[in-house]
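Trainee: I should like a close look at the empty spaces in this model, the pockets and cavities, together with the elements that surround them. Please take them in turn and relate them to the sheet and the helices.

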Amino acid sequence: MLFKFRTLSYSLALGALTLAGAAHADTIKIGIPQPMTGPSTQYGDQIQAGALTAIDVINAAGGVQGKQLEAILIDDGCEPKQAVPAANRVVNSGAKFAVAHACSGTTVPAVNVYESEGIVAITPGATSPAVTDTIKPHYFFRTIGRDDQQGPFAAKYIADTLKPGKVAILHDKQTYGSGVAMQVRDALQKHDVNVALYEGINVGDSDYSAVITKLKGLNPDLIYFGGYHAELGLLLRQAREQGLNVQFMGPEGVANQDLVAIAGPAIEGLLVTLPADFTKRPENAAAVKAFQDAKRDPDGAFQMPAYAAVQIIAAGIEAVGENPEKVADYMHANAFDTVIGKVEYDSKGDLKDFEFAVFEWDKDGNKTQL
């Protein structure tokens, strides 16, 4: 069954209806644990923008089963050591539902809390297969594709469109970065593309001259980096400063506007795989207007997946009530019409299909979908 969620447009100030953290007797609480501090704050901002806008629209339309949705904002810092405490704060808030965690390294340990406590949680940002492969959860879901969907997609684009003679792959040795880099490497090898280097770098280093010297000796046609924007920004800038002018490519984790400040003009020509630009879907015009009315930016990797997460939670509650077990069962068994398109789940809570796209960045950090 395809659940048709009503898409509405409002001229009122939608943001005024969302109360984060305030206690109300007759609300349905949705925990939103995201990075609100640290270098990954922008990802948390995007997810909050999407989730809060969806909550605003649903509340303005009368809520869910006559109740208003209430956002509980929680900081996880995109830090694995903060994962379980942040998830426990969702539990302690009384929320039975969550739009959970942007970062894979945070999500993997947090999933166990949601499973043990019976909380329906959806991540709009964590792409590592380990999130759902480790314990095969029943209550945990995604509204974003996995690295083993994104990696092969990127590899096919590299093989079919860029046609490099030689590729070097770097990663940050972390759950997310090494995971997506491995997926790209393995898929490129299946396409008979020469992966001449596969190597990790250290997060937090300020000087990558040694690996850049190695890359200059290797002379690859493409460098793929698996990780986040801080390390890629330094790699881009230092590579250009040291005369290594080669095509760089990365996954959605590097797509942070702070990359422009770190890399400077060296960002020009960077290729990034991201969720498709769902703001361009004609059926999302009202949702885009809701973002604009609330003075929130709809244009980023995670806003629409987060919006969709709230839509799905609301649809499940509307159909079967607030019992999380029944909502999880309903989500596994049904399809949902959302701002990211039709959503269907497999037995582990992963999307059966997700639309990735390749974007090219200019020197000012503006991106164009190719």
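Mentor: The account below begins with the pockets, passes to the sheet and its helices, and ends with the cavities and one helix pair. The model is a predicted one.

In general, rolling a probe the size of a water molecule over the atoms shows where empty space is left. In this model the largest pocket holds about 420 Å³ of space. Its lining comprises 18 residues, and those closest to the centre of the pocket are S40, C78, Q174, V203 and Y228. Three helices, α3 (104–117), α6 and α8, each give at least two residues to this lining. The largest share, three residues, is that of α8. Sorted by class, the lining of the largest pocket consists of eight nonpolar, seven polar and three charged residues.

The second largest pocket has about 260 Å³ of space. Of its 14 lining residues, Q46, Q257, D299, G300 and K367 are the closest to the centre. This lining divides into four nonpolar, seven polar and three charged residues.

Two of the helices named for the largest pocket also pack against a sheet. That sheet is open and has seven strands in the order β8-β7-β9-β10-β11-β14-β15, with mixed pairing. Its edge strands, each paired on one side only, are β8 (195–200) and β15 (367–369). On average, and with direction ignored, neighbouring strands are turned by 25 degrees against each other. At one end of the order, β14 (residues 356–361) pairs with β15 in the antiparallel sense over three bridges. Within this pair, E360 stands opposite T368 of β15. Helix α6 (residues 175–190) packs on the sheet and touches β7 (167–171), β8 and β9 (222–226). The direction of α6 makes about 160 degrees with that of β7. Helix α8 (residues 229–241), for its part, lies across β7, β9 and β10 (247–250) and runs at about 180 degrees to β10.

Turning to enclosed space, the structure holds three cavities of 30 Å³ or more. The largest of them contains about 50 Å³ of space. Its lining is formed by Y43, A102, C103, G125, Y176, Y228, E252, G253 and F302. Y228 thus deserves attention twice: it lines this cavity, and it is among the residues closest to the centre of the largest pocket. By class, the cavity lining has six nonpolar, two polar and one charged residues.

The second largest cavity also has about 50 Å³ of space. L274, P275, A276, D277, D299, G300, A301, F359 and K367 line this cavity. Among these, D299, G300 and K367 also appear in the group closest to the centre of the second largest pocket. The class count for the lining of the second largest cavity is five nonpolar, one polar and three charged residues.

One helix pair completes the picture. Helix α1 (residues 41–60) packs with helix α10 (residues 285–293) at an angle of about 105 degrees, and their axes are 10 Å apart. The two helices are therefore roughly perpendicular to each other, since angles of 65 to 115 degrees are counted in that class. On the side of α1 the contact is made by A49, G50, T53 and V57, and on the side of α10 by A287, A290 and F291. This contact has five nonpolar, two polar and no charged residues.

Notes:
Residues are numbered from 1 along each chain as its sequence is written. This is a predicted model: local features need pLDDT of at least 70, side-chain atom pairs count only at pLDDT 80 or more; totals for chains, interfaces and linings use all residues. Side-chain values use heavy atoms; hydrogens and water are left out. Axes are lines fitted to C-alpha atoms, for helices over the stretch in contact, and angles run from 0 to 180 degrees between N-to-C directions. Helices (H or I, at least four residues) and strands (E, at least two) are DSSP runs, numbered from the N terminus. Angles under 35 degrees count as roughly parallel, over 145 as roughly antiparallel, 65 to 115 as roughly perpendicular and the rest as oblique. Contact means heavy atoms within 4.5 Å. Ala, Val, Leu, Ile, Met, Phe, Trp, Tyr, Cys and Pro count as nonpolar, Asp, Glu, Lys and Arg as charged, and the others, Gly among them, as polar. On a 1 Å grid over the protein atoms alone, a cavity is a set of points where a 1.4 Å probe fits but cannot get out, and a pocket is an open set with protein on both sides within 12 Å along at least five of seven lines; lining residues have an atom within 4 Å of a point. Grid points are joined across faces, edges and corners, and a volume is the space filled by probe spheres set on the points. Two strands pair if DSSP finds at least two bridges between them.
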